[in-house]
Amino acid sequence: MDNKPRLAVSACLLGEKVCHNGDSAEFRALTNEWNGHFDLVGICPEVDIGMGTPRPATRLADDGESIRLVNPQNGNDFTSQMLEYAQLQANALVDSGICGFVFKKDSPSCGLEHVKVYRNGHDQAVRNGMGMFAKIFTTLYPHIPVIEESRLTDPQQAEHYFARVHFFSLWYHEGKKGWTDKAIKEFHNVNNLFLLSRSPDAKRKLGRLIIQGFDNGEHPETVALAYMTEAQQSLNVLTKAGPIAHAMERVLGNLSSNLSKSERQEMLDVIHDFRQGLLPRSVPLALLQNHLRRYHIDTAIHQRFLSPIPSSLGLMARV
Ligand code: SF4
């Protein structure tokens, strides 16, 4: 975790006064608490296409054939400008090495889900849309982890999202050396317990995806991209205590021959209490970490599971 992952963020969330009313929508957890852990890059699609600030609020309008981005007061249509910009900006951001994108909820440009869509001539909206910029970005780059800021107010969601970002960041930096069959297998192996704890199905699916890719003679870069796309889609669902406790038991299994009977029982009790929601995750993780260090059997596989995000983010004790 030496490299700070680069995170694209809707610029208004970073405190930039780019909202249509000339204000910002600063998300302080990101700007004050977590900012030291990420290289934050603010993007405002509406300002970037020249709409200016302040400006009339835009909305998504369904004309029966397509969804348009319009100014409802004068009918100005920004759809083609936004589509062209979104493709160019998405490519530029990915080329610059972003490892995730935090989008502003509800925005007709940036919202990821449940954005209001108005049928032409109607004042009532259906909340089933996606911001136009966010839609293009996620369609072009489905392997990059994305989230709306409102979800990050929940520590479980924040921890899981940042774990996905760090997982992506490791993959990105590994890929800069050029993917080989061996490097892909090693990456999957090192993340074995991490994946087991977050999405047991994904761990199996990804193993099969790698083998099939190699059998079909696909280029390692193609296999690596398919791997991260599948991984991030599976990791989009929040993990539960059960798979995490199961991964803890696997680590305990690696320690068994070193621990006394009472030490082992103590670990089982603590894992059980975590599974029941009586203890935070940090308690069994710290005990396991301590035992692994004491017996010098700490490996990269253990570390990927035990320390998925920097502890200084302040989230591990809250999940
Ligand atoms: S939601 Fe997106 S388009 Fe709207 S002000 Fe924020 S960054 Fe700009």
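On a 1 Å grid over the protein atoms alone, a cavity is a set of points where a 1.4 Å probe fits but cannot get out. A pocket is an open set with protein on both sides within 12 Å along at least five of seven lines. Lining residues have an atom within 4 Å of a point. Grid points are joined across faces, edges and corners, and a volume is the space filled by probe spheres set on the points.

This is a predicted model: local features need pLDDT of at least 70, side-chain atom pairs count only at pLDDT 80 or more, and totals for chains, interfaces and linings use all residues. Residues are numbered from 1 along each chain as its sequence is written, and side-chain values use heavy atoms, with hydrogens and water left out.

## Cavity and pockets

The search of the whole structure returns 1 cavity of 30 Å³ or more. Its volume is about 50 Å³. S197, R198, I244, R281, L285, F305, P308 and M316 line this cavity.

The table lists the volumes and the lining classes. Ala, Val, Leu, Ile, Met, Phe, Trp, Tyr, Cys and Pro count as nonpolar, Asp, Glu, Lys and Arg as charged, and the others, Gly among them, as polar.

| Space | Volume | Lining by class |
|---|---|---|
| Largest cavity | about 50 Å³ | 5 nonpolar, 1 polar, 2 charged |
| Largest pocket | about 550 Å³ | 15 nonpolar, 6 polar, 8 charged |
| Second largest pocket | about 440 Å³ | 11 nonpolar, 6 polar, 4 charged |

The largest pocket holds about 550 Å³ of space. It is lined by 29 residues, and H20, E46, D106, S107 and P108 are the closest to its centre. Helices (H or I, at least four residues) and strands (E, at least two) are DSSP runs, numbered from the N terminus. α2 (45–48), β3 (59–62) and β6 each supply at least two lining residues of the largest pocket. β6 gives the most, with 3 residues.

The second largest pocket has 21 lining residues. L112, V146, I147, R164 and N236 lie nearest its centre. β8, α5 (155–175) and α9 (220–235) each give two or more residues to this lining. The largest share, 4 residues, comes from α5.

## Ligand

The ligand sits in the largest pocket (more than half of its atoms lie within 2 Å of the grid points). Around the ligand are 14 residues (each with a heavy atom within 4 Å). C12, C44, E46, S107 and C110 come nearest. This shell divides into 8 nonpolar, 3 polar and 3 charged residues.

## Sheets

Two strands pair if DSSP finds at least two bridges between them. One open sheet has 4 strands in the order β4-β3-β6-β7, with mixed pairing. β4 (67–70) and β7 (125–129) stand at the edges with a single partner strand each, so one side of each is left without a neighbour in the sheet. The twist averages 45° from one strand to the next (axes are lines fitted to C-alpha atoms, and angles run from 0 to 180 degrees between N-to-C directions). Strand β6 (residues 115–119) runs antiparallel to β7, joined by 4 bridges. V117 has V126 in β7 as its bridge partner.

Another open sheet of 4 strands has parallel pairing and the order β2-β1-β5-β8. Its edge strands, β2 (39–43) and β8 (146–148), each pair on one side only. Neighbouring strands here are turned by 25° against each other on average, direction ignored. Strand β1 (residues 6–10) pairs with β2 in the parallel sense over 5 bridges. V9 stands opposite G42 in β2.
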